[in-house]
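Here are some exercises to work through with the model open beside you. Try each task before you read its solution.

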Amino acid sequence: MSVSWAVHRTRLGPILGALGRSRELTLTGVMVVLAVLVTVRAPNFLAPDNLNQVTVLAAIIAIAAVGEALVVITREVDLSVESTMGLIAFVVGAVLREHSTSVPEAWAMGLGLALVLGMVNGAIITIFRVPSIVVTLGTLNVYRGLVFFVANGTQISLSDLPAGYTNPATQTIFGVPLFVIVAVLTTTLAAVALHSTRFGRQLYAVGSDREAATVMGIHSRWVIFVAFSLCGLLAGVAGVLWGVEFGTIYATSASGVVLQVVAAVVVGGVAISGGSGTVVGAAIGALFLGLINNALLLLNLPQELLQVIYGAVILIAVATDAFVRLRARGTRQAVVP
Amino acid sequence: MTKERAVAAPESAPVSPAVARPWAHPSVLARWEFFLVLILGLFVWMGTRVSPYFLTPSNFANLTSAMMEVAIMALPATLIIIAGEIDLSVESTLGLASAILGFLWAAGVPLEVDIPLVLAVGGLAGLLNGLLVARAGLPSLVVTLGTLALYRGLAQVVLGTRAISDFPSGFTAFGFGTVPGSPIPWTLIVFAMLGAVFWFVAHATWIGRQVFAVGKNKDAARYAAVDVAALKTALFVVSGVLAALAGIILTARFSSARGDNGSGLVLTVVTIVLLGGVDINGGKGTIPGVILAVFTLATLQSALNLAGVSGDYQTVAVGLLLIVSITAPYIARQARTVIGRVLRARHPPPDPVAHGEVVG
Amino acid sequence: MGDAPGAGSSVRSRVDTPGVAPDGPADSPSRSRLEVRNVSKRFDATAALTDVSLELRAGEIHALVGENGAGKSTLVKILAGVHVPDSGTILLDGVEVQIPDPVTARLLGIAVVHQEPRLFPDLSVAENVFLAHPPTRRLGAISWAEMRQMAAALFEELGVHLDVGATVRGLSMADQQLIEIAKALSVDARVLILDEPTSALSAHEVERLFAIVRRARDRGVAVLFVSHRLEEVFELCDRATVFRDGRHIITASVGDLTTADLVRHMVGRAVTLFPKAEAPIGEVLLEVRHLSRPGAFQDVSFKVHAGEIVGMAGLVGAGRTEIARVLFGIDQASGGEMLLDGRPLHLSSPSAALRAGIAYVPEDRHRDGLILDFSITDNVTLPILPRLFPHLLVHPATERTLARGFVDRLRVRATSVDQLVQALSGGNQQKVVIAKWLATHPKVLILDEPTRGVDIGAKVEVHRIVSELAASGLGIVLISSDLPEVLAMSDRILVLHEGRITAEIPRAEASEERVMFAATGHDGGASAEAGGPSEASHAGGTA
């Protein structure tokens, strides 16, 4: 209520309203401005090495964020992605260390496991009809425990892995890092699926109004189950890439990453209340967070500020969402004769 | 008593289970708490099997004092979840409190000044959450996720990567010491007092009644003149203050003030609250249940410790416990329906009144 | 489906109503398209529909009229697959059908425009229209261009300028209603049901809609047109059916009917009532001057005296509940003022209204009135807890005694005051809501549809209670869609139409016809028997 009061009294209304309409465009604009500012102060921002590093890390988070976005669009949330990432990264490494499997086989096993982990989340949530936040809080712990079980006090180091295993992380195609290409492809695929398939639209319908979706004959629980399964799978992809990027994998790898993933989703304009937002937004959100991280480094600002900025960015994003909706409601009331 | 005057309309007057204070659901939760007591007993038995030291006073002191920060934060978290919201930022408020305490102490400010200041900062942190959630109407999950990052960041800005550890011994003794001549940690006494206050407020005062009302039906509560926004804001403020208190205790127990103190604790807090039988959707739960859950978890962790299971594996047990505790009611309900159906098929109910209306 | 075919014994027959050619050419204008036979539906204690039959012919527009609560919406929901009838059969083109869910209804070719739009706010206009059956290209990819084109074409046909790519969130109710209509028109329906489709539309949009409906009729679609607006019935429809109290009253050709006939059939419900006892009318308690809230109501002025019951009549959406919400501090007015005991009132919240002495029994008992899994006691004392126990501690005995007092006084039928309200019948739940507000000792009590969904016995009880409360000096505002109730209970009736008071009728001059005419937007009492514009003589004219 106090928000609406503030809105009608300030001139911020139209500006913030425009900002809210296309989060993807806004974020891109903000990133360009930020990039220009950083370049002015620290020209080595544009150095290929630096750009590669920023985008490769952002690409990993972006892939996980795309999966998370699928879930959030259905008005659920998956907190277990970081444990899935850590587990897959470790399991792939352990398989390569202890068995004579080929790299593609190890990756396929990792992705298969990731899909199963996502399906377990989805099954518990849809069969028992329990809130996803609680279930995935539980599996966040359980899956992390599995990493420790697999690790059994060890870690994966470069020497455990086939020679040149981490090379893809630095590989580029026409100057574009391979990981970025993977992330762009994943995002594009998901975006097209969300935009142009019936199932994609059903995700939005379920998140927008589950009851109305059911009335239309959409099988909401199946839709949610699939969303969690895909989220698990994409977390697995991110986990595999994580392993390739770092080469050294601990049982605690990727701990705390869920905050970045959810932040990327929220900042990217996917409303936590479901039914809106795009995976492209989530991916751009991941890049935006990566850029902030890099800017702090290059500008020699204290790294501690990173969390402060992440927090502030999440709060600004969610406030903008609420604000845009409030305005929308306001116009509706005003139009009724 | 009014039956003879009742109108002639065909109404079923179902005999609901004799519920004395339905807003606290003792009949339902008595069952849940009974279940918790059983689990607690099981864990104690397991503990005694794995180690003769399990039932010693010093182990009791260890097992409880390790849990007290989380336990203190679980009390306001219970009320917040009952009111239909969530506060994920407590662990960062704890870290912020620890950092500020260290910073002030290192700057030569005496503890008598530091501690009230730190508690006030916790209150402010909670106030920001409360205003964003209750006044601006933003979803608490995202708001407190944002402040989870924000407050942790501030904590690290305040103290950097430094650790302040030269606290006076009287202060650190408060963190891990016990009441002389007993195995009772000082911090357990703090928790016991707070637990009693929350028990009283939640189940014996109208503030508690309003919290349950808001959690069960926000609209009806508002129409019944409950100031929903003020109530929620107050809950978040209390949550912030007690998270700061937990930060002070943690600092004393580790005799170390660091910006990253308490990272990851929110998982344990939420696990305890839900294990205690609180409904994540709001409206249901009890403080005694949560207190039992604190000791259940503490016992489990201690038993696992003594069995040589590392802390890393213990998270699996905690996670499984959480999942079991939320799916158990559903499974029990399904089982009851199935068994009921089978029984009814075999023996039609003798008393036609009994199945008049099953509410649920 | 679990629905037992209660009237399943009725012969499945292709021979329809006598006098209708059974095997006419497809879509000949007299062929029976949809037949409802002896359908009944009860909700708890209330009979919503009793043994109604209705026949829709291919190529006709059939009006269904009746007061609020006559059972029109229940029938619409049964045909839409939202409710399943308790008994009776439905035949579509002579074949008996079951409609267990909305999907089946759609597959059977029954398109329904519901009274309240149920759209996905985050999806675009075009997508809302075509979500169930989007146009696709190769590989099943949704063709957005085609979808937008089709949607644009539909809206052009409707004569509406809507950005079909914009999201629905933020659109006006009228626009949302138009989207619902477009949705129904987007499928080739055999039966088109329009439930009060024009309530939010402008005159121009209504004209366009009518043209489209006529075109659908000419294609052989059977149209059921549910409306309160009688002039629309005469303009558009071929035949009309009147429901009253969940029963079928008459079906006739519109040409054989007059407005007066329709109103006569709609009103005159046979109900036992507990008319208001004579009570001395005292001073002015509540005065409302030129109160406005954009989009809800404009320039509303009235007075409520001590001991008086002021009835508020009007159709759904006329602005009655909206006024009550402002009087109770839930919404704020944009203009005008409220005075209680001559002092200006500033109500920023329900707590402020409570302190001032205004109480409100809301329309939606389950959503706003009660906390269903609280006991009777806990519900009754919730608003007054801070006042009752200033030292925080709740004394269970004290509150139980207090609750028991009201339970006895209002004759709530319950095993004990510790019983959960969800276990009570609708009438007893309503009494608990009233008890809750009586416990606050209000000066003014606003009752919003206090007897909706309660059985007849409990209704009489509620009337008795309200009457006694007025006699004890309370000022009462009674919002009700139940005309006989308003007539029997009110000292004075305010009639609202589209957010304005269109008539103020004193008890002696009130009749169902007069109220109904004013509520449907006709001049307040111009056509009914005598009663000129004398009502302004009573206190608190509409200025």
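Accessible areas here come from the Shrake-Rupley method with a 1.4 Å probe, and for residues only the protein chains shown count as cover. The model is predicted, so local features need pLDDT of at least 70 and side-chain atom pairs count only at pLDDT 80 or more, while totals for chains, interfaces and linings use all residues. Residues are numbered from 1 along each chain as its sequence is written, chains are lettered from A and ligands numbered from 1 in the order in which they are written, and side-chain values use heavy atoms, with hydrogens and water left out.

**Exercise 1. Describe chain C as a whole: what is its accessible surface, and what share of its residues is buried?**

Step 1. The accessible surface of chain C is about 20100 Å², and carbon and sulfur atoms hold 52% of it.

Step 2. Of the 543 residues in chain C, 60% are buried (under 20% relative accessible area; exposed is over 50%, partly exposed in between, with a 1.4 Å probe and protein chains only).

Step 3. Chain C has 18 helices and 20 strands; these are DSSP runs numbered from the N terminus, helices being H or I of at least four residues and strands E of at least two.

Step 4. Among contacts in chain C with a separation of 6 or more, 67% join residues 24 or more positions apart (contact means heavy atoms within 4.5 Å).

**Exercise 2. Work out the strand order of the open six-stranded sheet in chain C, and say which strands stand at the edges.**

Step 1. The order is S16-S17-S18-S13-S19-S20, with mixed pairing; two strands pair if DSSP finds at least two bridges between them.

Step 2. S16 (358–361) and S20 (500–506) of chain C each have a single partner strand, so one side of each lacks a neighbour in the sheet.

Step 3. From one strand to the next, the twist averages 20°.

Step 4. S19 (residues 492–497) of chain C pairs with S20(C) in the antiparallel sense over six bridges, and C:Arg492 stands opposite C:Pro506 in S20(C).

Step 5. Now add the helices. H9 (residues 320–327) of chain C packs on the sheet, touching S13, S16, S17, S18 and S19 of chain C, and its direction makes about 135° with that of S13(C). H15 (residues 426–438) of chain C lies across S16 and S17 of chain C, at about 170° to S16(C). Axes are lines fitted to C-alpha atoms, for helices over the stretch in contact, and angles run from 0 to 180 degrees between N-to-C directions.

**Exercise 3. Trace the strand pairings of S14(C), and find which residue of its hairpin with S15(C) takes a positive phi.**

Step 1. S11 (residues 284–293) and S14 (residues 335–340) of chain C pair in the antiparallel sense over five bridges, with C:Arg289 opposite C:Glu337.

Step 2. S14(C) also pairs with S15 (residues 343–344) of chain C, antiparallel over two bridges; there C:Leu339 has C:Pro344 as its bridge partner.

Step 3. Two residues lie between the strands of this hairpin, and C:Asp341 takes a positive phi near 55°.

**Exercise 4. Place B:Ile86: is the residue buried or exposed, and what does it touch?**

Step 1. B:Ile86 sits in the loop between H3 (68–82) and H4 (90–106) of chain B.

Step 2. Its relative accessibility is 7%, so B:Ile86 counts as buried.

Step 3. Leaving aside residues up to four places away in sequence, B:Ile86 touches residues including A:Ile133, B:Leu141, B:Phe236 and B:Ile280.
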